[in-house]
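Student: I am new to this structure and would like to understand how its descriptions are reached. Could we go through them one at a time, setting each value beside its definition?

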Amino acid sequence: MGRVRYATRNIIFGFLGSGATTLLNFILRQVFITHLGDTLLGVQDLYSEILTMLSLAELGVGTALNYSLYGPVARGEREKIKSYMQLYKKAYRTIAIVIAVIGLALVPFLPWIVKNADYLTLRQLRVYYLLFLFNTVTTYFVAYKYSLANAEQKNYIQTNADAISKAVSVVLQLLGLLVLPNYLLYLLIQVGVSLGQKIFISCYLNRKYPLLLEKNVEPLTKEETGAVVDKTKALMLHRIGDMARLQTDAIIISSCLGVVWVGLIGTYKMIVNSVSGYVNLIFNSVISSFGNLIATESREKQFQLFLVYRFFAIWIYGFSAVGFFLLLSPLVELYVGADRVLATSIIAWYLTDYFFKGERVVLSNFKTAAGVFEQDKYLSILQGIVNLVLSIALVFKIGLAGVFIGTVVSGLIANITKPIIIYRVCFEKSAVSYFQESIKYLLVIGAALAVLIPLQKLLMPQVTIAKFALMIGIITVVFNGIFLMVFGRTEEFQYLYGMVKGRWKRS
């Protein structure tokens, strides 16, 4: 099966799984707020962010090993695959222990991290946190097995497993909240279903890939192990910087403003993540194809497809960012009430980061698939420092918006430097054309906003479902109409159009 067919299957299964879990998550959050309240919602979102931060203790081992697997899998080198998987297994068991130790070390600091938790006792906060920690640590005893399926471009295996277990968990949690609204029960259901899924998928992958159980494994050569170690060292700095830049916002908000604010912005994040999840799915599904592409195609072909992926990312992220800016707060009002709507300035900065993060998706995916980690290994550290300094300084001056200003400024550092590195290392070209295209894209998106903001004020003075639906249609027509008028004749659009047209004829 070719790259396009594997990527297509990954996308289709991902869309179906995301659709089901997205709907269930929306229902679950609303029921959660009704039965357990905003304080526990803030605790839930805060602990999720902390454990995501701890997961970065993986420090790039998985990414480096996945990159190393692309070649042996493409060439069918069974013994080499076994050697890499053995190394991966040992590394991830070590990571599980490291995360457990660091996670336990944070327990004494919970009173300073979780501020204004109202009626919740310290004992309750600790028990809830330890359940989150257990759920995260156990993941690493299975996660390494997915790497082989992903290297074969079969990402849909992981997508399907996650979607099914998530659906089961959400349904049981909903029933639990309706029958016995207790947060401890809610977490126990989540942990129990997740543990069952890990056991099942471990057995399934063992049967699908019997080589995972074979004992006669040759160790990697010093050169091969050294290559993985070198990439991991570079990625380690990336991960530490990413942790400081992306995963500290919730801790800053909770410790400086109060844990309830984490839940308020968490509702916005859930909506954005639910929609952007579909977008990310497309690019995550083709990252394996990127690895295969780099191993088999010419540099010029790589560059052509990079431009297409970049154009598509700007189109989709620009469209969704404009739609979010105009409709996110109205949707939150319809969903959980006007008292949970945040100021426009906060949302503007949050969505600015969302758009530029989207622009970095193709850069990061291509750089990862190409194994380009060393050249900007200190960049994430710089970003993390900038984010922490700005966010902490500004949160006391202007509140929640200050946290996101720090995130935006630190993110823009990568938007400027990564294209320069990729164009020089991967394509041996100047990045001037990249930035020229960026200016053009921003002007077109700005023009669309200039047209749509007055229309929204005119047509949507009050928020109703009918006006909300009407505005979705107007945004879709106006934004995409402007985008097509400007870019409809470009090679990138023509490539996408031809690909869609070809699949339509084959179907």
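Tutor: What follows is a conversation about a predicted model, in which each description is traced back to its value.

Student: How do you know how far the prediction can be trusted, and where is confidence lowest and highest in the protein chain?

Tutor: The confidence score, pLDDT, runs from 0 to 100, and on that scale the protein chain has a mean of 84, with 83% of its residues at 70 or more. Confidence is lowest in helix 9, residues 222–246, where the mean is 69, and highest in helix 17, residues 465–487, where it is 95. Where pLDDT is low, the predicted coordinates should not be read in detail.

Student: What does the secondary structure of the protein chain come to, and what share of the residues counts as buried?

Tutor: The secondary structure consists of 18 helices and zero strands. Of the 507 residues in the protein chain, 53% count as buried, a word that requires a relative accessible area under 20%. As for contacts between residues at least 6 apart in sequence, 83% of them join residues at least 24 apart.

Student: Why are helix 3 and helix 5 called roughly antiparallel?

Tutor: The axes of helix 3 (residues 78–105) and helix 5 (residues 122–139) are 9 Å apart and make an angle of about 170°. An angle over 145 degrees counts as roughly antiparallel, and the two helices are therefore described in that way. At their contact, A96, I99, A100, G103 and L104 of helix 3 meet Y129, L130, L133, T136 and V137 of helix 5. The residues of this contact divide into eight nonpolar, two polar and no charged.

Student: What makes a set of residues a nonpolar core, and which residues have the most contacts inside the largest one?

Tutor: Such a core is made of buried residues of certain nonpolar kinds, joined through side-chain atoms within 4.5 Å. The largest nonpolar core here has 134 residues, and those with the most contacts inside it are L46, Y47, V114, Y183 and F483. Helix 12, residues 299–336, gives the largest share of this core, with 17 residues. If residues up to four places away in sequence are not counted, V114 touches V43, L46, Y47, L125, S254 and V259.

Student: Why is helix 6 said to be largely enclosed by the rest of the structure?

Tutor: Nine of the nine residues of helix 6, which covers residues 143–151, are buried, and so the helix is described as largely enclosed. Among these buried residues are Y144, K145, Y146 and N150. A151 also lies in helix 6, and its relative accessibility of 8% is under the 20% limit, so A151 counts as buried. Leaving out residues up to four places away in sequence, A151 touches L69, Y70 and V73. The C-alpha atoms of A151 and G71 are separated by 9.0 Å, although these residues are 80 residues apart along the chain.

Student: How do you know whether T267 is buried or exposed?

Tutor: T267, whose place is in helix 11, residues 259–296, has a relative accessible area of 3%, and because buried means under 20%, T267 is buried. Its contacts, not counting residues up to four places away in sequence, are with R29, L41, V332, Y335 and V336.

Student: Then why is L195 called partly exposed?

Tutor: L195 is found in helix 8, residues 183–208, and its relative accessible area is 33%, which lies between the limits of 20% and 50%, so L195 is partly exposed. Its C-alpha atom and that of F134, 61 residues apart along the chain, are separated by 9.7 Å.

Student: What makes the phi of N116 worth pointing out?

Tutor: Most residues other than glycine have a negative phi. N116 is not a glycine, and yet it has a positive phi of about 55°. N116 is found in the loop between helix 4 (110–113) and helix 5, and at 51% relative accessibility, over the 50% limit, N116 counts as exposed. D118 also has a positive phi of about 55° without being a glycine, and is found in the loop between helix 4 and helix 5. With a relative accessible area of 57%, D118 is exposed.

Methods: Residues numbered from 1 in each chain as written. Heavy atoms only, no water. Helix = DSSP H or I, 4+ residues; strand = E, 2+ residues; numbered from the N terminus. Axes fitted to C-alpha atoms, helices over the stretch in contact; angles between N-to-C directions. Parallel < 35°, antiparallel > 145°, perpendicular 65-115°, else oblique. Contact = heavy atoms within 4.5 Å. Nonpolar A, V, L, I, M, F, W, Y, C, P; charged D, E, K, R; others polar. Buried < 20%, exposed > 50% of the residue type's maximum accessible area, 1.4 Å probe, protein only.
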